[in-house]
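This report covers the cysteines and the ligand site of one model. Please look at the sequence and structure first.

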Amino acid sequence: MEKYLINPNQPLSKINRDIYGTFSEHLGRCIYEGTYVGEDSPIPNVNGMRKDIVDALKAMGLPVLRWPGGCFADEYHWKDGIGPKEKRKKMINTHWGGVIEDNSFGTHEFFELCRQLGCDAYVTGNLGSGTVQEMSEWVEYMTFDGVSPMADLRRENGSEKPWRLKYFGVGNENWGCGGNMSAEFYADQYRRYATYVRQYSRDNRVMKIACGPNGGDVNWTDVLMKRAGGMMDGLSLHYYTITHDWGHKGSALEFDDEEYALTLASAYQIDDIITRHSEIMNRYDPRKRVGLIVDEWGIWHDVEEGTNPGFLYQQNAIRDAIVAGMTLNIFNKHSDRVTMANIAQTINVLQSVALTDGADMLLTPTYYAFALFRDHQDNTLLGSHLTTPVTEIDRRRKFPTLIESASMKEDGTIVSTIVNTSLTESAEILCQIADRRVTEVTAEILTGDPHDHNTFETPDKVKTTGFDAFELTADGFTATLPPCSVVKFLVR
Ligand code: AHR
């Protein structure tokens, strides 16, 4: 029996709801087909946005959406995507599949999508191949309410009022596709570009996010914090889970037990990576003013056979949901520093929450993991500890069998999410909550064979169900968690 202690007398950080964000890039079928089908499409839509997708993302509680890239952002010229659609420039999306980008989804469409979703906007600007003026004017276009060339242009294009822009990224992966810069060079560029990302409204202070490290590159974090820490509100971090290596990432659906373990060990490394970056940030920013923004994370599998390799389309199984649950628990535990995260990506690309095929749409196991964790949004993280065995592949690669986080809502309800990563063993747990008389526990579960997934023929094979393999005790509960499961408990 594993012992699980939750301490409501130990309130820790606030779990920023933006940890549960997603990322949508002009890549493959994420935006076009997956989200935006145009007003004239036979697929049910509101102002061009797929109704099924908007409804699903709202039900998942999507708090924030990052756009337009990714690598695409540092080649994107925003003025190509405004004004009458028939006059918008067509271009080749050189990064992703070499397809024609007709710019029919631009700034106005993005904010319309956010309006329909009821979520906040995170826009990433072009530092790699754009000018300071271009970036500065985009922010003016989006956020200025007064008289100015860009605000007037926005009005001409049909939006009288500025939009609420919560976050603005000053470049993306500038150590790679965003210009192949050194940390020192980017830090100075960041200072220059960010200077002209003006605050145009007292009611809409735009939070500026600097491009952060690739995985474990702690030198990048050190240089950025030292040279530019005072001028940023967030530093981004990108980390992708890879089963083997970048040349042979591994299949989304065909994998054996050993590969399952490799995937989980790769995913679990994000805990250590966040800890190491946080330690550096703590030196320069002990009051934790600057957030660590994990604005790209998720599993990167080999593309599905027969699909465009530049479209990064992959299926999504229970294994992906286990990784999502593990990672979201890790983010919760680091919520003193991690204040936003965006899974890559929202629809039809990498570890998506939904897949589409023409008019059909399915929700992935990852979607259901996000929906389960929704109850943590904006809660107070609590001190908690669960004993667990650990699988050690070698000195560097390991992962726990059980991983959890617990938080408290304003009304005192305790939310606990536990992932049992074991392929074969149920886990017996005894949960004790300090100074609490427990009167009611409800629970939901997502579980199955790690290969289980939804298809367009069987879209409901994998989904969340009620869970009742638990018993109340005076100060908590006992429960039996099946292998390969993500379970959420609500304790009152
Ligand atoms: O998410 C796909 C790509 O991965 C993004 O465009 C880029 O930022 C990262 O390398």
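A polar contact here is a pair of N or O atoms within 3.5 Å. Glu296 meets that cut-off: a polar atom of its side chain lies 2.7 Å from a ligand oxygen. The model is a predicted one.

**Ligand site**

Two further side chains reach an oxygen atom of the ligand through N or O atoms. Asn172 does so at 3.1 Å. Gln345 does so at 3.0 Å. The ligand has 280 Å² of accessible area on its own, and the protein covers 93% of it.

| Side chain | Distance from an N or O atom to a ligand oxygen |
|---|---|
| Asn172 | 3.1 Å |
| Glu296 | 2.7 Å |
| Gln345 | 3.0 Å |

How many residues surround the ligand? There are 14, and the closest are Glu25, Cys71, Glu173, Tyr240 and Glu296. Sorted by class, the shell holds seven nonpolar, four polar and three charged residues.

**The disulfide**

Cys71 appears again here. Its sulfur is joined to that of Cys177 in a disulfide, with an S to S distance of 2.2 Å. A search of the whole structure turns up one such link. The chain positions of the two cysteines are distant, 106 residues apart. Cys71 sits in the loop between strand E5 (64-67) and strand E6 (91-93). Cys177 sits in the loop between strand E9 (167-170) and helix H5 (183-195). The angle about the S-S bond is -90°, and the link of Cys71 and Cys177 is left-handed.

Is each partner buried or exposed? Cys71 counts as buried because its relative accessibility is 10%, under the 20% cut-off. Cys177 has 28% relative accessibility, so this residue counts as partly exposed.

**Two cysteines without a bond**

Why is there no disulfide between Cys114 and Cys119? The closest cysteine sulfur to that of Cys114 is in Cys119, at 4.1 Å, so the pair is too far apart for a bond. The cut-off for a disulfide is 2.5 Å between sulfur atoms. Seen from Cys119, the closest cysteine sulfur is that of Cys114, again at 4.1 Å. Cys114 is buried, with a relative accessible area of 5%. Cys119 is buried too, with a relative accessible area of 10%.

Definitions and conventions: Residues are numbered from 1 along each chain as its sequence is written. This is a predicted model: local features need pLDDT of at least 70, side-chain atom pairs count only at pLDDT 80 or more; totals for chains, interfaces and linings use all residues. Side-chain values use heavy atoms; hydrogens and water are left out. Helices (H or I, at least four residues) and strands (E, at least two) are DSSP runs, numbered from the N terminus. Buried means under 20% relative accessible area, exposed over 50%, partly exposed in between (1.4 Å probe, protein chains only). A residue is near a molecule or strand if one of its heavy atoms lies within 4 Å of it. A polar contact is a pair of N or O atoms within 3.5 Å; within protein, one must be able to donate a hydrogen and the other to accept it, and residues adjacent in sequence count only if both atoms are side-chain atoms. Accessible areas come from the Shrake-Rupley method with a 1.4 Å probe; for residues, only the protein chains shown count as cover. Ala, Val, Leu, Ile, Met, Phe, Trp, Tyr, Cys and Pro count as nonpolar, Asp, Glu, Lys and Arg as charged, and the others, Gly among them, as polar.
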